[in-house]
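Open the model in your viewer and keep the selection tool ready. Each stop below says what to pick and what is there.

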Amino acid sequence: MTRKPGLGKRGNVERNAKVFHVVQRTTLKLPLFENKIAYDYWIFHLKSCCKEEGTILLGAILMPTHYHVLLYSDDCSNIQRTFHRLNSGFSPFIWNRIIKGTQYENLFSETNPFRLFSSTERLFPVEGYIPLLIDTKYLFDNPRHHNSNAIGLRYEKSTFMEWYKGEFDKRDLRLFYDLYGGLYPAQVVKLLSKPLQEYRETIEGHVARLSQNTENQLFKVNPKLQWKDSKDLVQESYQSYDT
C-alpha cells in the first residue's frame, strides 16, 4: 500500500497516464497561501483554466506553502498548459495581495527577482484505482501533516465540501464515478473519514472486485503499454513537498 509515484519533470512525464497528482511548492517554502483570498482566487481560476484546456479537476487542496491537485486528461500537455495559464495570473496576484508591503517583499530584489514557486509544477502519474484512492486520502489528511486539526471537510481550502455536496456537473461526475470504481463523491468522503487501517482494508476489498481491463482503459492512454516505472521503484515522492 506504499504510494511512491514517479516525479514527472517537464521533460520526464509519464505520458501514458490520464490521471495526475500535481504538486508545486512556494519559493523558500514561504507560507504565502495562508489567507483564504489566495484560495478563492486559485480555485476559481484553476477551474476556469481546466475548462479552457480540456482537463477535468477531480480534487484540490491549497496548503500554506504548496498545493496538491488531482486532474484527468487524455493528454498530459493539457494539464501542463492548465498550470502555466493559472500561474501566470496567480503569481502577480500573490505579489500584489499577499507579499507587497510585508516582510516578504524584502526577500526579493533586482538580483533576486520574485518567483512564486521554487520549480515548475510536478506531475505524478496515478496508476490505477488504489493509487488514486491513496492519493485522495493523502490530500484529505494533508492538513494534519502541518499540525492543523481541520482536516478533510473541515479544511476550507480544499474541494472536499464540494464533493460532499455533490457539486459536479454530469460529465465530470460520470468520470469521477468510473475512476473511483463506482463510488460517488459523497461516498468517497465517507470512506476517507475512516481510520487509516480500516480505510486501507476497505479500498483493497473494493478494488479486488473491479476489472483490470477497465482500470487500464480508464487510467492509460494506451491500455496495452506497461507503466514506465513501478511505483515501488520510483525515487522521489510528493511527500517531500510536505517537509
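Select A60 and V69 together. A60 sits opposite V69 of β3. This is a predicted model. Now widen the selection to both strands. β2 covers residues 56-62 and β3 covers residues 66-72, and the two pair antiparallel over six bridges. Three residues form the hairpin that links β2 to β3. Color β2 by burial. Seven of its seven residues are buried, and the strand is mostly covered.

**The hairpin loop**

Pick M63. This residue belongs to the loop between β2 and β3. Is M63 buried or exposed? M63 has a relative accessible area of 2%, so it counts as buried. Show what surrounds it. Beyond its neighbours within four places in sequence, M63 contacts F33, N142, P143, H146 and Y155. Add E34 and draw a C-alpha to C-alpha distance. M63 and E34 lie 7.2 Å apart in space, with their positions 29 residues apart in sequence.

**Across the sheet**

Next, select Q24 and Y67. Y67 in β3 is the bridge partner of Q24. The strands β1 and β3 pair over seven bridges, again in the antiparallel sense. Move on to V22 and L123. V22 stands opposite L123, a residue of β4. Here β1 (residues 19-25) and β4 run antiparallel, joined by four bridges.

Stay on β4, residues 122-125. What covers its two faces can be read from its side chains: R122 and F124 on one side are buried, and so are L123 and P125 on the other.

Now show the strands as one sheet. What is their order? The four strands run β2-β3-β1-β4 in an open sheet, with antiparallel pairing. β2 and β4 are the edge strands, each with a single partner, so one side of each has no neighbour in the sheet. On average, neighbouring strands are turned by 20 degrees against each other, direction ignored.

**A helix on the sheet**

Select residues 129-141. This is helix α3, which packs on the sheet and touches β1, β2 and β3. The direction of α3 makes about 150 degrees with that of β3.

Add residues 185-192, helix α6. α3 and α6 pack with their axes 10 Å apart, at an angle of about 70 degrees. That angle makes α3 roughly perpendicular to α6. Their crossing is right-handed. Show side chains at the contact. L133, T136, K137 and F140 of α3 meet V188, L191 and L192 of α6. Five residues of this contact are nonpolar, one is polar and one is charged.

**The α1–α2 pair**

Two packed helices are described by the angle between their axes and the distance between the axes. Apply that to the next pair. Select residues 36-53 for α1 and residues 76-99 for α2. Their axes come within 9 Å and cross at roughly 155 degrees. The cut-off for roughly antiparallel is over 145 degrees, and α1 and α2 are therefore roughly antiparallel to each other. The crossing of α1 and α2 is right-handed.

Show the contact residues. On the α1 side they include Y41, W42, H45, L46 and C49. On the α2 side they include F83, L86, G89, F90 and F93. Across the α1–α2 contact, 13 residues are nonpolar, four are polar and five are charged.

**Two positive phi values**

Go to the loop between β1 and α1. L28 is found there, and K29 lies there too. Most residues other than glycine have a negative phi, and most peptide bonds are trans. Check the backbone of L28 first. Its phi is positive, near 60 degrees, in a residue other than glycine. Then check K29. K29 is not a glycine, yet its phi is positive at about 55 degrees. How do their side chains sit? L28 is exposed, with a relative accessible area of 57%. K29 is partly exposed, with a relative accessible area of 40%.

**Zoom out**

Finish with the whole chain in cartoon. It holds eight helices and four strands. From the N terminus on, the elements run β-α-β-β-α-β-α-α-α-α-α-α. Color by burial: of the 243 residues, 52% count as buried. Last, turn on contacts. Of those with a separation of 6 or more, 77% come from residues 24 or more positions apart.

Note on methods:
Residues numbered from 1 in each chain as written. Predicted model: local features only at pLDDT ≥ 70, side-chain atom pairs only at ≥ 80, totals over all residues. Heavy atoms only, no water. Axes fitted to C-alpha atoms, helices over the stretch in contact; angles between N-to-C directions. Parallel < 35°, antiparallel > 145°, perpendicular 65-115°, else oblique. Left-handed = near helix turned anticlockwise from the far one by under 90°. Contact = heavy atoms within 4.5 Å. Nonpolar A, V, L, I, M, F, W, Y, C, P; charged D, E, K, R; others polar. Buried < 20%, exposed > 50% of the residue type's maximum accessible area, 1.4 Å probe, protein only. Pairing = 2+ DSSP bridges.
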